[in-house]
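Subject: Structure handover

Hello,

Here is the structure I promised to pass on. My notes follow below it.

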Amino acid sequence: MAHAPSGELTRAQAARIALAAQGFTRPRPGVEGDVTARHVGRVIDRLGFFQIDSVNVLARAHYMPLYSRLGAYDVELLHRAAGRRPRRLFEYWAHEAALVDVNLWQALQFRMHSGARMWGGMAQIFQEQPELVAWVLEEVRARGPLTAREIEHDAPRDKDSWGWNWSEVKMALEYLFYKGKVTAVRRNAAFERVYDLPERVIPPVQLDASPLGSEEAHRVLVGHAARALGVGTAQCLRDYFRMDAASSRIAIDELVAAGDLLPTTIAGWKRPAYLHRDAVCPRTVRARALLSPFDPLVFERTRTQHLFDFRYRIEIYVPAHRRVHGYYVLPFLLGDRLVARVDLKADRQDGQLLVHGAWAEPNAPQNTADELAQELRLMARWLGLTTVVGPGRGDLAGELTASLARHLD
């Protein structure tokens, strides 16, 4: 696999560089074999985090990137990485709420210390009710690990006390979580954070190390983003960890000066781009994967459209009658292109993977339906579902239904 070329890149080259950086040129061991903790660790190293989302219509968002890159795997491998010692993942705000590589603990402390990106309610609760915040922290210290509901249950209620309600207790916890005073030891069955002190969760090797200053932290995070993306604009690089433009610009300039980032251009892109020095450009990519809406390959929608000519909008919050493709639509990666999209739901009660709709992109290859059928059956196996129920709508529905019938076990 050759190093990425210097000078202007074609869009196809940029797409292949991005796919290689994201791990889509490696074999998926879970297609026919077993996935190990070592495989999971490599993806953690590569991506840096798995975004969390509460929607569970198919599979929780943080489970999906490992499936997309490794195939069917035991989710207990992720649970162990996020819960057992030595812990590989901790929960914090990265791109959004995410399970983050614990090796980035020091780099993210600038955010904890500065309160950067802290939304108003969290700052307000500390300003207006510091006694509540202090009380909640002591509750976690004395009785943790605890959920917000468990703390709220014991909050003072008589008229002579502060009369806190659940939302205030939760807001205090979110403030403490953002500031790194508490962290999440796990999520419970109701997907609620279970809070504890960092010293009881974060490995000592990270906890005891000195935090990085803001400038060094930005260099580390921008550099990590560049390695994970392969190539991208300044907007791509700063969006990966949702950093501010000015500090990211300084970090990019310093990384260019150090030779870690190589300025380049991509045909058809208006903005300059930056290539990570270790990026490779494979001649071909033979990937096949369904992608979560929150996968780092596609979560920056402008980048997705420029790289793959794939306009992607999640329609969860769009009224049903106005949705174009459906509630939970996943892009389908085949080779080095996004060639289709499917609206999926896991019917766990009846053991079915429901394909509500399937649509092909313009110029999708002739084998798209057959490859998608195989991928859907792999996903069903991963989710413990016995059958795939073919699509009722979409321009790929007929072909996909026929392909699913041909690929019955």
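Start at a hairpin. Strands S11 and S12 form it, with four residues between the strands, and glycine 351 there takes a positive phi near 70°. Please keep in mind throughout that this is a predicted model.

The two strands of that hairpin run antiparallel. S11 covers residues 337-347, S12 covers residues 352-360, and eight bridges join them. Aspartate 347 stands opposite glutamine 352 in S12. S12 also pairs with strand S13 (residues 387-389), this time in the parallel sense, over three bridges. Look there for leucine 353, whose bridge partner in S13 is valine 388.

Next, the three-stranded sheet. The sheet is open, its order is S6-S8-S7, and the pairing is antiparallel. S6 (231-233) and S7 (261-264) stand at the edges. Each has a single partner strand, so one side of each has no neighbour in the sheet. From one strand to the next, the twist averages 35°. Four bridges link S7 and S8 in the antiparallel sense. One pair to find is leucine 261 with its bridge partner in S8, histidine 276. Helix H13 (residues 245-257) lies across S7 and S8 and runs at about 100° to S7.

Two loop residues deserve a look.

Alanine 267 sits in the loop between S7 and S8. Is alanine 267 buried or partly exposed? Alanine 267 has a relative accessible area of 31%, so this residue counts as partly exposed. Setting aside neighbours within four places in sequence, alanine 267 is in contact with Glu8, Leu9, Thr10 and Arg11. Alanine 234 is 33 residues away from alanine 267 along the chain, and their C-alpha atoms are separated by 16 Å.

Proline 282 sits in the loop between strand S8 (273-276) and strand S9 (287-290). Its relative accessible area is 4%, so proline 282 is buried. Threonine 25 is 257 residues from proline 282 in sequence, yet the two are 8.2 Å apart in space, C-alpha to C-alpha.

Now the helices. Two packed helices are described by the angle between their axes and the distance between the axes.

Take H5 (residues 105-114) to begin with. How many of the ten residues of helix H5 are buried? Eight are, so H5 is largely enclosed by the rest of the structure. The buried residues are Trp105, Gln106, Ala107, Leu108, Gln109, Phe110, Arg111 and Met112. Just after H5 comes glycine 115, with a positive phi of about 75°.

H5 packs with helix H11 (residues 214-229). Their axes come within 9 Å and cross at roughly 125°. H5 and H11 are therefore oblique to each other. Their crossing is left-handed. On the H5 side, Ala107, Leu108 and Phe110 take part. They meet Ser214, Ala217, His218, Val220 and Leu221 in H11. The residues of this contact divide into six nonpolar, two polar and no charged.

H11 also meets H13, the helix that lies across S7 and S8. The axes of H11 and H13 come within 9 Å and cross at roughly 70°. That makes H11 roughly perpendicular to H13. From H11, the contact uses Glu215, His218, Arg219, Val222 and Gly223. From H13 come Ser247, Ser248, Ala251, Ile252, Glu254 and Leu255. By class, the residues of this contact are four nonpolar, four polar and three charged. His218 of H11 appears in the contact with H5 and in the contact with H13.

The last pair is helix H1 (residues 11-21) and helix H14 (residues 301-308). Their axes come within 8 Å and cross at roughly 125°. H1 is thus oblique to H14. Arg11, Ala14, Ala15, Ala18 and Leu19 in H1 meet Arg303, Gln305, His306, Leu307 and Phe308 in H14. This contact has six nonpolar, two polar and two charged residues. Arg11 of H1 links back to the loop above: it is in contact with alanine 267.

Best wishes

Key. Residues numbered from 1 in each chain as written. Predicted model: local features only at pLDDT ≥ 70, side-chain atom pairs only at ≥ 80, totals over all residues. Heavy atoms only, no water. Buried < 20%, exposed > 50% of the residue type's maximum accessible area, 1.4 Å probe, protein only. Pairing = 2+ DSSP bridges. Axes fitted to C-alpha atoms, helices over the stretch in contact; angles between N-to-C directions. Contact = heavy atoms within 4.5 Å. Parallel < 35°, antiparallel > 145°, perpendicular 65-115°, else oblique. Left-handed = near helix turned anticlockwise from the far one by under 90°. Nonpolar A, V, L, I, M, F, W, Y, C, P; charged D, E, K, R; others polar.
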